[in-house]
Each structure stands twice: as structure tokens, then as C-alpha cells.
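Here are my notes for you as a newcomer to this structure. Have a look at the sequence and the model first, then read on.

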Amino acid sequence: MAGKTNRSNAWQWSRTAETRRVLLQAAREVFTAKGFAEASVAEVVERAGSSVGSLYHHFGGKTELFLALWEDHQATHEQNAISSVAKARAGGEEDPLTLFNVGARAFLEGSWARRDLVRLFMDGDGPPGFELIRRTRGREWVRQNAVLLGAGTDPVDRVTVAVLTTIIGEAGREIATCASKREANKVLEATLRLIRRLDPLRDEDEED
């Protein structure tokens, strides 16, 4: 009896996950084509082959669906960067700036691969409160980068990490608007060269 219950629960979870995936993909297509304000729940469920009731059951409404798409996009960015850094560390890399650039490369490559979403989330057409959510996530990103770089807590270190994080974010937005992958790669490589030239970890005595 317990085995049947477990199989039933697993099937239900799988079906729920698939429904969410299909709705998110449909939302991506509709939101990136029309923007948040002009998109409608009816268009999303029609494209997903689902129902309004199912969408509200899984997400609660258009705003929550948009935010779920944003969270999924951010989670993919973060996971790709984390995996790339972990792989570099496993290969013996220990230099913080090199690891930072490995993570930056993964982020920027993802900005090209998911450029439709980057453009959607950067154009300001989101639900009320979305800008605050973006700023809060941005501050968390700076904190994570500070840990990766081994930065201290003094103001210069904080500003340095914030500047580097901003460079990556702006480069990601630029890449998302590139006309070709070749052009995007040029922006990516130029960004990584810029970060290496800034070298925030270089000892001040070495600069004299």
C-alpha cells in the first residue's frame, strides 16, 4: 500500500513540475513578445494548452508568474556560475580573480543564451515592486562576489566589488542586445580583459 502511495505521489509531483515548466515556457514566449503590461493570462494559458485555473493554482496570477520566470532566470545564472567556479577549483585553480572571471564568463554566456529574458527584465516593464526586487538581488550578488574575491569590509573593498559587479551586469545587458554571437563574444572577452586589468586583489605595493 505504501509503495502505491509513493508511486502516486511521485507521479503527481512529476505532473505538477511539468505543468509549471510548460506554463513558464509559455510565459517566457508571451512576456518577451509583448512585455508585462500588454501580456495577458489568457494568452499564456492558450499557448501552454492549459487553463486559467491551473495557472492561478500554480502561480497565483500574472505578477507571480512574471516573478517566477525572473527567479528561474536568476537561479539558472547563479547555478551556471557556481558550477563553473566549482569545476575550476576542482581542476586546481585557486586564484580568486581567475575564479571570479570564470563565474563572470558563465554569467555572460548565459546572457547571450537567454538574451530574450535579459532584455525583458532590463526594460523596466514589470509588476509593481519589481525594481526593488532587482535591487535587492543586486546587493546579494555584490555580497557573493565579495566572498569569492576574498574582499575585506573597508569602503574601498566594497566599492571595488560593487564596480566589478556592475561591469558584469552592464556587459550582460550589452551582450543581450548584440546582433550576433560573434559580436557578443567580443563584448564578453573585452569585459574579462577589463576586469583583469583592474585586478582588485593586486597589492598596492606592487603598483608603486
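The points below go from the whole chain down to single residues.

1. First, a caveat: this is a predicted model. Please keep that in mind for every distance and percentage in this note.

2. Let's start with the overall make-up. The chain has 10 helices and 0 strands, so if you read along the sequence you get α-α-α-α-α-α-α-α-α-α. Of its 208 residues, 32% are buried. The accessible surface adds up to about 12200 Å², and carbon and sulfur atoms account for 52% of that. If you take the contacts with a separation of 6 or more, 71% are between residues 24 or more positions apart.

3. Next, the inside. The largest nonpolar core holds 23 residues, and the members that touch the most others are F31, L65 and F121. Four helices each put at least two residues into this core: α1 (2–38), α2 (41–48), α4 (62–90) and α6 (115–122). The top contributor is α1, with 7 residues. As background, nonpolar side chains in soluble globular proteins tend to be buried together.

4. There's a nonpolar group on the outside too. V159, V163, L194 and L198 make up a surface patch with about 300 Å² of accessible area together. The helices that give two or more residues to the patch are α8 (155–176) and α9 (181–198). Take L198, which sits in helix α9: its relative accessibility is 41%, so L198 counts as partly exposed, since that class runs between 20% and 50%.

5. On to the charges. How many salt bridges does the structure hold? There are 10. One of them joins the side chains of R28 and D116, at 2.8 Å from N to O. This pair ties together distant parts of the chain, with R28 in helix α1 and D116 in helix α6, 88 residues apart. D116 has a relative accessible area of 22%, which makes D116 partly exposed.

6. Another salt bridge pairs R137 with E71, and their closest N and O atoms are 2.6 Å apart. Here too distant parts of the chain are linked: R137 is in helix α7 (residues 130–149) and E71 is in helix α4, 66 residues away. E71 counts as partly exposed because its relative accessibility is 35%. If you follow this pair further, you'll find a network of salt bridges that links E71, E78 and R137.

7. For a local salt bridge, look at E131 and R134, whose closest N and O atoms lie 3.1 Å apart. These two are 3 residues apart in helix α7, so about one helical turn separates E131 from R134. Both ends are partly exposed: E131 has a relative accessible area of 33%, and R134 comes in at 23% relative accessibility.

8. Now a stretch with an annotation. UniProt, in an unreviewed entry, places the feature "DNA-binding region" at residues 40–59. In the model, this span is 75% helix and 0% strand, and its end C-alpha atoms lie 14 Å apart. I'd treat the label as what the record says, no further.

9. E43 is worth a click. This residue lies in helix α2, and a relative accessible area of 24% makes E43 partly exposed. Leaving out residues up to four places away in sequence, E43 touches V30, K34 and E38. E29 is 14 residues from E43 along the chain, and the C-alpha atoms of the two are separated by 9.9 Å.

10. Last one: is S111 buried or exposed? S111 counts as buried, because its relative accessibility is 1%, and the cut-off for buried is under 20%. This serine is part of helix α5 (residues 96–113). What does S111 touch, not counting residues up to four places away in sequence? The list is H77, V118, G172, I175 and A176. It's a good spot to finish your tour, with E43 from the previous point for contrast: E43 is partly exposed at 24%, while S111 is buried at 1%.

Terms used: Residues numbered from 1 in each chain as written. Predicted model: local features only at pLDDT ≥ 70, side-chain atom pairs only at ≥ 80, totals over all residues. Heavy atoms only, no water. Buried < 20%, exposed > 50% of the residue type's maximum accessible area, 1.4 Å probe, protein only. Contact = heavy atoms within 4.5 Å. UniProt positions renumbered as here; feature names shortened; annotations may be inferred. Patch = residues over 30% accessible without salt bridge, like charges linked within 9 Å, V, L, I, M, F, W, Y side chains within 5 Å. Areas by Shrake-Rupley, 256 points an atom, 1.4 Å probe, with all protein chains shown as cover. Salt bridge = Lys/Arg side-chain N within 4 Å of Asp/Glu carboxyl O. Core = buried A, V, L, I, M, F, W, Y, C linked by side-chain atoms within 4.5 Å.
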